[in-house]
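Reader: I would be grateful for a close look at a single part of this model. Please describe how its lining is made up and then set it beside the other site of interest.

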Amino acid sequence: MKNLIVFACLLCSITSFAQKNTNERAQWFTDSRFGMFIHWGVYSAAEGYWKGEKLRHDNDYAEWILYRNRIDRDEYVTLLDLFQWDEIDPEEWVILAKKSGMKYITITAKHHDGFGLWDSKVSDYDLGDYTNPKRDIIAEMAEACKKHGIKLCLYYSHWVDWEHPLGWDHSREIYKLSASDYDRYWQQKVIPQITELLTNYGEISMLWFDMWIHHSESIVSKEQLLQLKSLIRDLQPNCLVNSRLGLSIDEDPDIDYKTLGDNQLGDKKEDFPWQSPATVAHSWGFHSSDSQWKSTTTLLKSLIGNVSLNGNFMLNIGPRANGDVPYEISQRMLEMGKWLQVNGESIYGAEAFDLNKDLHDWGKITCKQDESSFKLFLHIYNWPLNKQLNLTGISATPQKVYLLADKQKSPLSFSHSGAFTEVALPADQPDPYVSVVIVEYPSKPEITDGLVAKTSDDGYSLLPGNQNPQPQPIKITPPAKYGTIPAFVAADGVTDFSWKIYVDQPGTKRVDVSYSFQGNRNNSQIVLKASGQSLYHSVHPTGQTVGEPNQDWHIDNFESNEIGTIDFPQPGFYTIELSIQPTEADPIKFQWLWIN
Ligand code: GLC
């Protein structure tokens with residue numbers, strides 16, 4: 001019987017959730033995808049300035065002001081005089097998260113300044129000791145989160161603590177601190193405070209630690225981290241722990257998910273859960289000079305892009321010392337919430353599909369298996385001018401295609417052949433930010449991997465980096481001089497390239513090749529073979545061009561050359577082979593091939 005139950009649970013976890021390599025504890029997290037980060041503390045009242053001087057670091061992380069501007073720990077707390085306690089209501093932050101479609105909140109219980117936002121019995125540097133009547137923001141958050149069905153998570157700076165005489169402060173690189181003294185901080189403050197936080201505030205869904213280097217490069221020992229983690233597992237076995245605890249995931253596979261760098265978005269599909277912490281402008285704590293606000297579209301694309309690679313996105317608010325959330329942040333979040341109200345199905349519980357992440361030029365794909373069908377969510381960043389959506393790489397014929405925003409699910413017409421589906425889009429995009437098309441299949445469709453997708457303007461852009469199979473090892477020289485010199489492969493001997501495309505519309509197509517050749521004579525040639533035909537092109541010197549005026553910014557000219565046409569007689573898969581055959585000492589710098 002016990003075995004049967006285990007088997008049934010296994011089945012339900014497979015059908016309800018497919019992102020592999022997610023432990024049971026973390027499933028709510030990968031299902032949620034979108035959360036709120038809150039950086040709020042004593043520093044919020046400084047607003048990025050101390051005694052008229054701006055924060056001493058160009059990164060302008062306002063929560064670092066105590067350390068950066070060398071403020072005395074006791075003088076620092078005079079900032080609390082500016083707090084407007086009658087106006088501060090954490091429930092408003094929770095309501096903002098809820099309306100913004102976020103499913104969890106991580107608040108800075110204790111940031112690097114060491115000041116606790118609760119009434120801590122083991123420290124006198126906390127709100128309990130500095131407010132009258134006493135405020136306990138963690139208790140208020142716990143209550144509000146419970147009321148609104150949001151999961152409460154706590155940020156706790158374990159490694160760095162600028163107020164405790166034996167805590168870590170980067171100046172300790174110069175003025176040393178012994179391991180045994182640091183352990184006194186650890187046992188006197190970290191362990192008892194985590195115990196308080198996991199004992200007195202009900203369910204804590206995650207502890208978010210913040211050590212962005214491995215423990216071996218820090219004063220923190222592996223034993224201290226394991227002590228901390230086993231305390232968490234004992235007190236609240238369901239509480240997630242992030243990778244910035246400082247143990248590597250290889251070292252301890254029990255870490256629940258990986259935290260990327262600040263504002264670092266995902267760039268590859270991963271099955272192990274991961275998350276990007278992000279800001280709307282730059283600083284985490286409120287900074288009065290913050291001004292480069294990302295647009296709602298940019299933020300939505302960050303969320304979608306992460307989900308399309310199996311990642312989460314946690315977006316920060318830095319409220320002021322009166323509790324207000326900057327308008328630029330709250331407006332964007334509310335706009336994201338409105339988008340999610342319509343399109344949330346493509347985000348919550350959705351995951352990465354099997355196709356290469358940058359295959360399509362119109363946007364990103366997420367997918368979901370539900371009881372009766374398998375859905376692909378095509379997030380269209382750029383509504384194609386020709387109202388035609390090209391989907392390359394899926395071998396199955398869809399069952400139905402419709403707009404996620406359309407409650408009637410009115411079918412969109414489409415055609416499918418081989419590994420190509422073309423959807424006829426309505427004239428107007430349903431959403432000004434990102435519109436979503438659902439392509440439904442009876443079950444997870446087979447894919448044809450390694451194809452170069454047809455672009456929205458109906459061509460094939462064949463690059464050194466999207467070959468399949470790659471006939472020989474190549475070295476791609478990355479773009480230089482601010483991209484005025486594009487990426488290329490310098491062929492100094494015969495160099496072969498090969499691509500696979502699916503041609504849905506047979507006919508004669510033009511072929512262009514872009515290269516730069518700085519030699520003098522033109523005995524070298526480029527040979528293209530496709531569909532049983534060959535094209536020969538005599539390479540000619542392309543000369544130089546100027547990147548910017550009057551700066552001696554002279555660069556190799558990369559020039560596009562029409563080299564002929566190829567007839568693709570019927571729909572189907574074609575292999576395109578290109579051979580660059582230099583005869584001179586000077587290499588031919590191959591950039592791309594364009595067929596359309
Ligand atoms: C860094 C900073 C910190 C901020 C955090 C957010 O670790 O030290 O101020 O809280 O990133 O990801």
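Author: In this predicted model, the second largest pocket is lined by residues from two domains, with at least three contributed by each of domain 2 (353–448) and domain 3 (459–595). The space within this pocket comes to about 390 Å³. Its lining consists of 18 residues, and those closest to the centre of the pocket are Asn356, Asp358, Leu359, Val452 and Asn466. Sorted by class, the lining of the second largest pocket comprises 9 polar, 5 nonpolar and 4 charged residues.

The other site is that of the ligand. Here 15 residues surround the ligand, and the closest are His39, Glu63, His111, Asp210 and Asp262. The shell around the ligand divides into 8 nonpolar, 4 charged and 3 polar residues.

Several side chains place polar atoms beside oxygen atoms of the ligand. For glutamate 63, an N or O atom of the side chain is 2.5 Å from a ligand oxygen. Histidine 112 has a polar side-chain atom 2.8 Å from an oxygen atom of the ligand, and for tryptophan 64 the corresponding distance from a polar side-chain atom to a ligand oxygen is 3.0 Å. On its own the ligand has 310 Å² of accessible area, of which the protein covers 97%.

To set the two sites side by side, the lining of the second largest pocket has 5 nonpolar and 9 polar residues, whereas the shell of the ligand has 8 nonpolar and 3 polar residues. Charged residues number 4 in the pocket lining and 4 in the ligand shell.

Note on methods
Residues numbered from 1 in each chain as written. Predicted model: local features only at pLDDT ≥ 70, side-chain atom pairs only at ≥ 80, totals over all residues. Heavy atoms only, no water. 1 Å grid on protein atoms, 1.4 Å probe; cavity = no way out; pocket = protein on both sides within 12 Å on 5 of 7 lines; lining within 4 Å. Points joined across faces, edges and corners; volume = space filled by probe spheres on them. Nonpolar A, V, L, I, M, F, W, Y, C, P; charged D, E, K, R; others polar. Domains from an automatic or database assignment. Near = heavy atom within 4 Å. Polar contact = N/O pair within 3.5 Å; in protein donor to acceptor, adjacent residues only side chain to side chain. Areas by Shrake-Rupley, 256 points an atom, 1.4 Å probe, with all protein chains shown as cover.
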